[in-house]
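Work through the exercises below with the sequence and the model side by side, trying each task before reading its solution.

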Amino acid sequence: SSHKTEENRIWEFKADGTLISSGYNRVMKTDDKMSFSYKVENGKILLLDPGRPHKPQTYEVYERSGDSMILKGGSEGFYSFKKQ
């Protein structure tokens, strides 16, 4: 699909390999904060979901310019971010 969903969440990549994702959860319709492990491999970001350790979600940088970045992958296809 070619539609772009604005990702209204903050993804904070910590140096220790933890990703903190916080903000509005469209599925749950409430604000939440989730923690994942991540690693970067071959230029791709692998997110490890504690509930499904054998099925990492893979993202690659689709487009990057200035303060914005679009990641391709995961469950929704494209994620659009603004640097804070």
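What follows is a set of exercises on a core, pockets, backbone angles and contacts, each with a worked solution.

The model is predicted, so local features are given only at pLDDT of at least 70 and side-chain atom pairs only at pLDDT 80 or more, while totals for chains, interfaces and linings use all residues. Residues are numbered from 1 along each chain as its sequence is written, and side-chain values use heavy atoms, with hydrogens and water left out.

**Exercise 1. The core**

Task: find which residues make up the largest nonpolar core, and which elements give two or more residues to this core.

Solution. Begin with the term: a nonpolar core is a set of buried Ala, Val, Leu, Ile, Met, Phe, Trp, Tyr and Cys residues joined through side-chain atoms within 4.5 Å. Buried means under 20% relative accessible area, exposed means over 50%, and partly exposed lies in between, with a 1.4 Å probe and protein chains only. The largest such core has 10 residues in all, namely Trp11, Leu19, Phe36, Tyr38, Ile45, Leu47, Tyr59, Leu71, Tyr79 and Phe81. The elements that give two or more residues to this core are β4 (30–41), β5 (44–49) and β8 (77–82); strands here are DSSP runs (E, at least two residues), numbered from the N terminus. As a general background, nonpolar side chains in soluble globular proteins tend to be buried together.

Next, take one core member, Leu71, and list its contacts, where contact means heavy atoms within 4.5 Å. Not counting residues up to four places away in sequence, Leu71 touches Trp11, Ile45, Tyr59, Glu60, Val61, Tyr62, Gly77, Phe78, Tyr79 and Phe81.

**Exercise 2. Two pockets**

Task: describe the volume and the lining of the largest pocket, and then do the same for the second largest pocket.

Solution. A pocket is defined on a 1 Å grid over the protein atoms alone, as an open set of points where a 1.4 Å probe fits, with protein on both sides within 12 Å along at least five of seven lines; lining residues have an atom within 4 Å of a point. Points are joined across faces, edges and corners, and a volume is the space filled by probe spheres set on them.

The largest pocket has a volume of about 580 Å³. Its lining counts 22 residues, and Trp11, Phe13, Met69, Phe81 and Lys83 lie nearest its centre. Two or more lining residues come from each of β2 (9–13), β4, β6 (52–65), β7 (68–73) and β8, and β2 gives the most, with five residues. By class, this lining has nine nonpolar, five polar and eight charged residues, where Ala, Val, Leu, Ile, Met, Phe, Trp, Tyr, Cys and Pro count as nonpolar, Asp, Glu, Lys and Arg as charged, and the others, Gly among them, as polar.

The second largest pocket holds about 480 Å³ of space. It is lined by 20 residues, of which Arg9, Met34, Phe36, Gln57 and Ser75 are the closest to its centre. At least two lining residues are supplied by each of β2, β3, β4, β5 and β6, and the lining divides into 10 nonpolar, five polar and five charged residues.

**Exercise 3. Positive phi**

Task: state where Lys29 and Asn42 lie, and give the phi of each.

Solution. The background is that most residues other than glycine have a negative phi. Lys29, in the loop between β3 and β4, has a positive phi of about 55° although it is not a glycine, and Lys29 is exposed, with a relative accessible area of 61%. Asn42, in the loop between β4 and β5, likewise is not a glycine and has a positive phi of about 50°; at 78% relative accessibility, Asn42 counts as exposed.

**Exercise 4. Following contacts**

Task: starting from Thr58, trace which residues Thr58, Lys72 and Gly77 touch, leaving aside neighbours up to four places away in sequence.

Solution. Thr58 lies in strand β6 and touches Lys44, Ile45, Leu46, Lys72, Gly73 and Gly74. Move on to Lys72, which lies in strand β7 and is in contact with Thr58, Tyr59, Glu60, Tyr62, Gly77 and Phe78; Lys72 is partly exposed because its relative accessible area is 38%. Finish at Gly77 in strand β8, which touches Leu71 and Lys72.

How values were computed
Helices (H or I, at least four residues) and strands (E, at least two) are DSSP runs, numbered from the N terminus.
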